[in-house]
Amino acid sequence: MDAQDLIAAIVIGAIIGIVARIILPGRQNIGIIPTVLIGMAAAVAGTWASQRWDVHSDKLFTVSGHHFDWAVVAVQIGIAIVGVAIAAVLAKTFSTDRIDD
């Protein structure tokens, strides 16, 4: 793994995290760094799950010489949606900005 692969992983993780936040309804009070970290973790977990359960398609797309499978990306985004939802619930639960009436 070289520097280009690391940068690609961060960028793809950021994109997956942001797409998950867009798809998830409602407001999520989490920052950009947790979003990117969740996206990166979802990319790794989604790749593992797709390989484990043999999820793949014939539809590929290429970004900067890297080939990506649409089915694998869909699994990654699904995992990221769950991760963002959990992070949003935890952020709301442990928030000190609540106004108690």
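Q: Is Gln28 buried or exposed?
A: In this predicted model, Gln28 sits in the loop between H1 and H2. Being in a loop does not settle the matter, so the relative accessible area has to be consulted; for Gln28 the value is 7%. Buried means under 20%, and Gln28 is therefore buried.

Q: Which backbone oxygen does the side chain of Gln28 reach?
A: Leaving aside neighbours within four places in sequence, Gln28 is in contact with Arg21, Val84 and Ala88. Its side chain also comes to 2.9 Å from a backbone oxygen, and that oxygen belongs to Gly26.

Q: What is the order of the elements of the protein chain from the N terminus on?
A: The chain has three helices and two strands. H1 covers 3–23 and H2 covers 32–52. Strand S1 covers 60–63, strand S2 covers 66–69, and helix H3 takes in residues 70–93. Read from the N terminus, the order is α-α-β-β-α.

Q: What share of the residues of the protein chain count as buried?
A: The C-alpha trace spans about 55 × 30 × 20 Å along its principal axes. The chain has 101 residues, and the share that count as buried is 29%.

Q: Among contacts between residues at least 6 apart in sequence, what share join residues at least 24 apart?
A: One pair with a wide sequence separation is Gly46 and Ala71, which are 25 residues apart in sequence and 9.8 Å apart in space, C-alpha to C-alpha. That pair is a distance between C-alpha atoms, while the share asked for counts contacts in the protein chain. Among the contacts between residues at least 6 apart, the share joining residues at least 24 apart is 60%.

Q: Which residues touch the most other members of the largest nonpolar core?
A: The largest nonpolar core holds 14 residues. H1, H2 and H3 each supply at least two of them, and H3 gives the most, with six. The residues that touch the most other members are Ile16 and Val84.

Q: Which residues does Ile16 touch, not counting those up to four places away in sequence?
A: Ile16 is one of the two residues with the most contacts to other members of the largest nonpolar core. With residues up to four places away left out, Ile16 touches Gly39, Ala42, Ala43, Gln76, Ile77 and Ala80.

Q: Is Gln76 buried or exposed, and what does its side chain lie 3.0 Å from?
A: Gln76 lies in helix H3 and touches Ile16, Ala42, Ala43, Gly46 and Thr47, not counting residues up to four places away in sequence. Its relative accessible area is 7%, so Gln76 is buried. A polar atom of its side chain lies 3.0 Å from the backbone oxygen of Ala43.

Q: What is the relative accessible area of Gly46?
A: Gly46 is found in helix H2. Leaving aside its neighbours within four places in sequence, Gly46 is in contact with Val72, Val75, Gln76 and Ile79. Gly46 is buried, and its relative accessible area is 0%.

Q: Which element gives the most to the lining of the largest pocket?
A: The largest pocket has a volume of about 500 Å³. Of its 20 lining residues, the closest to the centre are Ile12, Ala43, Thr47, Phe68 and Gln76. H1, H2, S2 and H3 are the elements that give two or more residues to the lining. With six residues, the element that gives the most is H2.

Q: How many residues in the lining of the second largest pocket are nonpolar?
A: The second largest pocket holds about 150 Å³ of space, and its lining includes Phe61, Val63 and Trp70. The largest share of this lining, four residues, comes from H1. No residue of the lining is polar and none is charged; the number of nonpolar residues is 10.

Q: Which sign does phi of Asp54 have, positive or negative?
A: Asp54 lies in the loop between H2 and S1 and is exposed, with a relative accessible area of 57%. Most residues other than glycine have a negative phi. Phi of Asp54 is near 55°, and its sign is positive.

Technical notes: Residues numbered from 1 in each chain as written. Predicted model: local features only at pLDDT ≥ 70, side-chain atom pairs only at ≥ 80, totals over all residues. Heavy atoms only, no water. Buried < 20%, exposed > 50% of the residue type's maximum accessible area, 1.4 Å probe, protein only. Polar contact = N/O pair within 3.5 Å; in protein donor to acceptor, adjacent residues only side chain to side chain. Contact = heavy atoms within 4.5 Å. Core = buried A, V, L, I, M, F, W, Y, C linked by side-chain atoms within 4.5 Å. 1 Å grid on protein atoms, 1.4 Å probe; cavity = no way out; pocket = protein on both sides within 12 Å on 5 of 7 lines; lining within 4 Å. Points joined across faces, edges and corners; volume = space filled by probe spheres on them. Nonpolar A, V, L, I, M, F, W, Y, C, P; charged D, E, K, R; others polar.
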